[in-house]
Amino acid sequence: TLESWMGRGIYTFLDRYTLSVTGRYDGSSVLAPGHKFAFFPAASLGWQIGDESFMRSVPVISDLKLRVSYGRVGNSAIGAYQTLGLLARTWYANTNNYLVGFQPGAIPNPDLRWETTDKYNIGLDFGLLNQRVSGSIDAYRENTHDLLLPRALPYTSGYSQITQNVGATKNLGLEF
């Protein structure tokens, strides 16, 4: 199960400057005890440049807005019970009979926690010639850490893998 609580506040000043702040508190039952809940904040600023008095002298620009934002999101997309040590069924031979038994099937990982992504964005929305031409330009950067991935183990350990928080990625991009 997933449990989430969220709050959001928006403040606009002079119909041109906007601040938005959001906070989420998420809990996931698939993660290890002590790591089930995490806080994910977000904030953004917007400036409606096209409504400023100095823009009235530029009639070709009908709309212009600058945006800056930051946000953190979490991922807990793993199977249920992957933080626990599980048992697997096995068969044993006893003379002419096969018997059912159990053996350790998975290594417990009490440190498994949220995979998190921090995203930074700056964008410009524009409209030209009375909104006949419009669009936006965005630049972003995403940093993901504590990736939830299976890590290979040597077969001599008796196990082939364990799910752990390993690695990090970085994505940069432009959107038009």
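Which eight residues make up the largest nonpolar core? The legends below refer to a predicted model, and the first of them gives the answer.

**View 1. The largest nonpolar core.** The core consists of Val30, Leu31, Ala38, Phe40, Ile78, Leu112, Trp114 and Leu148. One of these eight, Ala38, touches Trp114, another residue of the core. Ala38 also touches Arg24, Tyr25 and Asp26, when residues up to four places away in sequence are not counted. Phe40, likewise part of the core, is in contact with Thr116, the subject of View 2.

**View 2. Thr116 and its polar contact with His145.** Thr116 belongs to strand β7, which covers residues 115-128. Thr116 is counted as buried because its relative accessible area is 8%, and the cut-off for buried is under 20%. The side chain of Thr116 is joined to the side chain of His145 by a polar contact of 2.9 Å. With neighbours within four places in sequence left aside, the residues in contact with Thr116 are Phe40, Arg72, Val73, Gly74, Asn143, Thr144 and His145.

**View 3. Asn121 and its polar contact with Asp138.** Asn121 is also placed in strand β7. Its relative accessibility is 16%, so Asn121 counts as buried. Between the side chains of Asn121 and Asp138 there is a polar contact of 3.2 Å. Beyond the residues up to four places away in sequence, Asn121 touches Arg67, Val68 and Ser69, and also Asp138, Ala139 and Tyr140.

**View 4. Ala43 in strand β3.** Strand β3 runs over residues 37-47 and includes Ala43. Ala43 counts as partly exposed because its relative accessibility is 34%. Leaving aside neighbours within four places in sequence, Ala43 has contacts with Ser20, Val21, Val68, Ser69 and Tyr70. Val68 and Ser69 are also among the residues touched by Asn121. From Ala43 to Gly9 the C-alpha separation is 9.6 Å, with their positions 34 residues apart in sequence.

**View 5. Gly79 in the loop between β4 and β5.** The loop that holds Gly79 connects β4 (61-75) with β5 (87-94). Gly79 is partly exposed, at 34% relative accessibility. The C-alpha atom of Gly79 is 9.3 Å from that of Leu31, although the two residues are 48 residues apart along the chain. Leu31 is one of the residues of the largest nonpolar core.

**View 6. Two loop residues with positive phi.** Most residues other than glycine have a negative phi. Gln131 is not a glycine, yet its phi is positive, at about 70°. Gln131 is found in the loop between β7 and β8 (133-145), and its relative accessible area of 41% makes it partly exposed. Asp146, also not a glycine, has a positive phi of about 60°. The loop in which Asp146 lies is the one between β8 and β9 (148-152).

**View 7. The largest pocket and its lining.** The volume of the largest pocket is about 190 Å³. Its lining includes Tyr81, Gln82, Leu84 and Leu86. Gly105, Ala106 and Ile107 are also among the lining residues, as are Tyr159, Ser160, Gln161, Ile162 and Thr163. By residue class, the lining has seven nonpolar and five polar residues, and no charged ones.

Terms used: Residues numbered from 1 in each chain as written. Predicted model: local features only at pLDDT ≥ 70, side-chain atom pairs only at ≥ 80, totals over all residues. Heavy atoms only, no water. 1 Å grid on protein atoms, 1.4 Å probe; cavity = no way out; pocket = protein on both sides within 12 Å on 5 of 7 lines; lining within 4 Å. Points joined across faces, edges and corners; volume = space filled by probe spheres on them. Nonpolar A, V, L, I, M, F, W, Y, C, P; charged D, E, K, R; others polar. Helix = DSSP H or I, 4+ residues; strand = E, 2+ residues; numbered from the N terminus. Buried < 20%, exposed > 50% of the residue type's maximum accessible area, 1.4 Å probe, protein only. Polar contact = N/O pair within 3.5 Å; in protein donor to acceptor, adjacent residues only side chain to side chain. Contact = heavy atoms within 4.5 Å. Core = buried A, V, L, I, M, F, W, Y, C linked by side-chain atoms within 4.5 Å.
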